[in-house]
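Biologist: I have a fold in front of me and want to learn how to read it. Where do we start?

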Amino acid sequence: VARREQAEAVGHLLTEVRPRPTRAGAEPIEISVTYDGEDLRAVADRIGGSVDDVIRLHSEADYTVAFCGFSPGFAYLAGLPERLHLPRRDTPRVRVPAGSVAIAAHYSAIYPSPSPGGWHLLGCTEDVVWDVHEHPPTRLRPGTRVRFVGIR
(Lines give C-alpha, C1' and ligand atoms only; values in the text may rest on other atoms or scores of the structure.)
Protein backbone atom coordinates (compact mmCIF):
# COMPACT_ATOMS: atom_id res chain seq x y z
CA VAL A 1 0.00 0.00 0.00
CA ALA A 2 2.80 2.42 0.84
CA ARG A 3 4.35 1.99 -2.62
CA ARG A 4 1.02 2.67 -4.32
CA GLU A 5 0.58 5.84 -2.25
CA GLN A 6 4.13 6.90 -3.08
CA ALA A 7 3.56 6.23 -6.79
CA GLU A 8 0.34 8.26 -6.73
CA ALA A 9 2.10 11.11 -4.91
CA VAL A 10 4.94 11.12 -7.45
CA GLY A 11 2.43 11.00 -10.32
CA HIS A 12 0.63 14.00 -8.87
CA LEU A 13 3.90 15.92 -8.50
CA LEU A 14 4.84 15.17 -12.11
CA THR A 15 1.58 16.65 -13.36
CA GLU A 16 2.40 19.77 -11.38
CA VAL A 17 5.85 20.27 -12.96
CA ARG A 18 4.95 19.54 -16.58
CA PRO A 19 5.00 22.66 -18.73
CA ARG A 20 1.53 23.93 -19.34
CA PRO A 21 0.93 25.06 -22.90
CA THR A 22 0.12 28.72 -23.32
CA ARG A 23 -3.12 29.77 -24.93
CA ALA A 24 -2.88 30.39 -28.65
CA GLY A 25 -2.67 34.15 -29.08
CA ALA A 26 -1.82 34.77 -25.42
CA GLU A 27 -0.22 38.12 -24.79
CA PRO A 28 3.55 37.96 -24.33
CA ILE A 29 5.14 38.51 -20.96
CA GLU A 30 6.91 41.88 -21.05
CA ILE A 31 10.38 42.03 -19.50
CA SER A 32 11.77 45.50 -18.75
CA VAL A 33 15.44 45.82 -19.70
CA THR A 34 18.03 48.45 -18.92
CA TYR A 35 20.35 48.11 -21.91
CA ASP A 36 23.69 48.79 -20.24
CA GLY A 37 25.38 45.38 -20.49
CA GLU A 38 29.14 44.87 -20.47
CA ASP A 39 29.07 43.45 -24.01
CA LEU A 40 26.63 45.87 -25.63
CA ARG A 41 29.31 47.92 -27.41
CA ALA A 42 31.25 44.80 -28.48
CA VAL A 43 28.08 43.24 -29.92
CA ALA A 44 27.40 46.45 -31.86
CA ASP A 45 30.94 46.38 -33.23
CA ARG A 46 30.65 42.68 -34.19
CA ILE A 47 27.45 43.24 -36.18
CA GLY A 48 28.78 46.43 -37.78
CA GLY A 49 26.10 48.59 -36.20
CA SER A 50 25.47 50.94 -33.33
CA VAL A 51 24.41 50.27 -29.75
CA ASP A 52 20.98 51.65 -30.72
CA ASP A 53 20.82 49.08 -33.54
CA VAL A 54 21.46 46.24 -31.08
CA ILE A 55 18.83 47.56 -28.67
CA ARG A 56 16.27 48.03 -31.45
CA LEU A 57 16.88 44.58 -32.93
CA HIS A 58 16.73 42.86 -29.55
CA SER A 59 13.68 44.71 -28.23
CA GLU A 60 11.57 44.59 -31.40
CA ALA A 61 11.75 40.80 -31.75
CA ASP A 62 9.08 38.37 -30.59
CA TYR A 63 10.47 35.51 -28.50
CA THR A 64 9.10 32.14 -27.44
CA VAL A 65 10.56 29.95 -24.71
CA ALA A 66 11.93 26.99 -26.67
CA PHE A 67 13.17 24.99 -23.68
CA CYS A 68 14.66 25.38 -20.22
CA GLY A 69 17.98 24.08 -18.97
CA PHE A 70 21.51 24.90 -17.81
CA SER A 71 20.18 25.99 -14.41
CA PRO A 72 16.73 26.14 -12.80
CA GLY A 73 14.65 28.81 -14.53
CA PHE A 74 17.11 29.42 -17.37
CA ALA A 75 14.86 29.75 -20.43
CA TYR A 76 16.23 29.64 -23.97
CA LEU A 77 14.25 32.24 -25.92
CA ALA A 78 13.93 31.56 -29.65
CA GLY A 79 13.32 34.49 -31.98
CA LEU A 80 16.59 36.41 -31.81
CA PRO A 81 17.05 38.33 -35.08
CA GLU A 82 19.61 36.67 -37.33
CA ARG A 83 21.81 39.76 -37.34
CA LEU A 84 22.40 39.21 -33.59
CA HIS A 85 23.36 35.53 -33.93
CA LEU A 86 26.82 35.38 -32.35
CA PRO A 87 28.76 32.46 -30.89
CA ARG A 88 29.29 32.33 -27.16
CA ARG A 89 32.13 34.43 -25.76
CA ASP A 90 35.61 32.97 -26.13
CA THR A 91 36.13 33.33 -22.38
CA PRO A 92 33.13 32.67 -20.12
CA ARG A 93 32.62 34.77 -17.03
CA VAL A 94 33.00 33.13 -13.63
CA ARG A 95 29.88 34.91 -12.37
CA VAL A 96 27.01 36.52 -14.26
CA PRO A 97 24.55 38.43 -12.04
CA ALA A 98 20.92 37.35 -11.77
CA GLY A 99 18.71 39.35 -14.10
CA SER A 100 21.35 39.68 -16.81
CA VAL A 101 19.80 39.74 -20.29
CA ALA A 102 22.05 38.01 -22.77
CA ILE A 103 22.40 36.50 -26.25
CA ALA A 104 24.33 33.58 -27.72
CA ALA A 105 23.90 31.58 -30.92
CA HIS A 106 20.27 32.15 -31.94
CA TYR A 107 18.85 32.58 -28.42
CA SER A 108 18.31 35.28 -25.87
CA ALA A 109 18.00 34.54 -22.14
CA ILE A 110 17.68 36.03 -18.69
CA TYR A 111 20.01 34.63 -16.06
CA PRO A 112 17.60 33.61 -13.28
CA SER A 113 20.30 33.41 -10.62
CA PRO A 114 24.01 34.22 -10.36
CA SER A 115 26.03 31.65 -12.28
CA PRO A 116 28.97 31.21 -14.62
CA GLY A 117 28.16 32.07 -18.22
CA GLY A 118 29.56 32.68 -21.65
CA TRP A 119 26.76 34.67 -23.23
CA HIS A 120 27.00 38.29 -24.41
CA LEU A 121 25.46 40.61 -21.81
CA LEU A 122 23.18 43.26 -23.31
CA GLY A 123 21.58 44.56 -20.15
CA CYS A 124 19.69 43.63 -17.02
CA THR A 125 16.19 43.37 -15.67
CA GLU A 126 14.73 43.67 -12.21
CA ASP A 127 11.82 41.43 -13.27
CA VAL A 128 12.03 38.17 -11.34
CA VAL A 129 11.80 35.12 -13.60
CA TRP A 130 12.64 32.43 -11.00
CA ASP A 131 11.35 32.34 -7.43
CA VAL A 132 11.29 29.09 -5.45
CA HIS A 133 8.53 30.55 -3.25
CA GLU A 134 6.13 30.88 -6.19
CA HIS A 135 4.07 28.11 -7.79
CA PRO A 136 5.28 27.39 -10.37
CA PRO A 137 8.69 28.88 -9.58
CA THR A 138 9.36 30.06 -13.14
CA ARG A 139 7.45 32.62 -15.19
CA LEU A 140 9.08 31.37 -18.38
CA ARG A 141 7.90 27.89 -19.36
CA PRO A 142 8.21 26.33 -22.83
CA GLY A 143 5.74 27.98 -25.18
CA THR A 144 5.57 31.26 -23.24
CA ARG A 145 5.86 34.33 -25.45
CA VAL A 146 8.21 37.12 -24.33
CA ARG A 147 8.88 40.73 -25.36
CA PHE A 148 11.76 42.87 -24.09
CA VAL A 149 10.88 46.50 -23.34
CA GLY A 150 13.83 48.88 -23.14
CA ILE A 151 13.85 51.32 -20.24
CA ARG A 152 17.29 52.71 -20.98
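**Reading strands, helices and one histidine**

Modeller: Start with one pair: V65 stands opposite L77 in strand 3. This is a predicted model, in which local features need pLDDT of at least 70 and side-chain atom pairs pLDDT 80 or more, while totals for chains, interfaces and linings use all residues. Residues are numbered from 1 along each chain as its sequence is written, and side-chain values use heavy atoms, without hydrogens and water.

Biologist: What holds strands together, and what counts as a strand?

Modeller: Strands of a sheet pair through backbone hydrogen bonds, either parallel or antiparallel. Strands (E, at least two residues) and helices (H or I, at least four) are DSSP runs, numbered from the N terminus. Two strands pair if DSSP finds at least two bridges between them. Here, strand 2 (residues 63-68) and strand 3 (residues 75-78) pair antiparallel over four bridges. Six residues lie between the strands in their hairpin, where F70 takes a positive phi near 70 degrees.

Biologist: Which residue in strand 6 is the bridge partner of L77?

Modeller: That partner is S108. Strand 3 and strand 6 (residues 107-110) run antiparallel, joined by two bridges.

Biologist: What is the order of the strands in the open sheet?

Modeller: The seven strands are ordered 1-9-2-3-6-5-8, with mixed pairing. Strand 1 (29-33) and strand 8 stand at the edges with a single partner strand each, so one side of each has no neighbour in the sheet.

Biologist: How do I read two packed helices?

Modeller: Fit axes, which are lines through C-alpha atoms, for helices over the stretch in contact; angles run from 0 to 180 degrees between N-to-C directions. Helix 2 (residues 40-47) and helix 3 (residues 51-60) pack at about 90 degrees, with axes 8 Å apart. They are therefore roughly perpendicular (under 35 degrees is roughly parallel, over 145 roughly antiparallel, 65 to 115 roughly perpendicular, the rest oblique).

Biologist: Now a single residue. Is H120 buried or exposed?

Modeller: Buried means under 20% relative accessible area, exposed over 50%, partly exposed in between (1.4 Å probe, protein chains only). H120 has 7%, so H120 is buried. H120 belongs to strand 8 (residues 120-124).

Biologist: What does the side chain of H120 reach?

Modeller: The backbone oxygen of P87, at 2.7 Å. Contact means heavy atoms within 4.5 Å. Not counting residues up to four places away in sequence, H120 touches several others, including D39, V43, R46 and I103.

Conventions:
A polar contact is a pair of N or O atoms within 3.5 Å; within protein, one must be able to donate a hydrogen and the other to accept it, and residues adjacent in sequence count only if both atoms are side-chain atoms.
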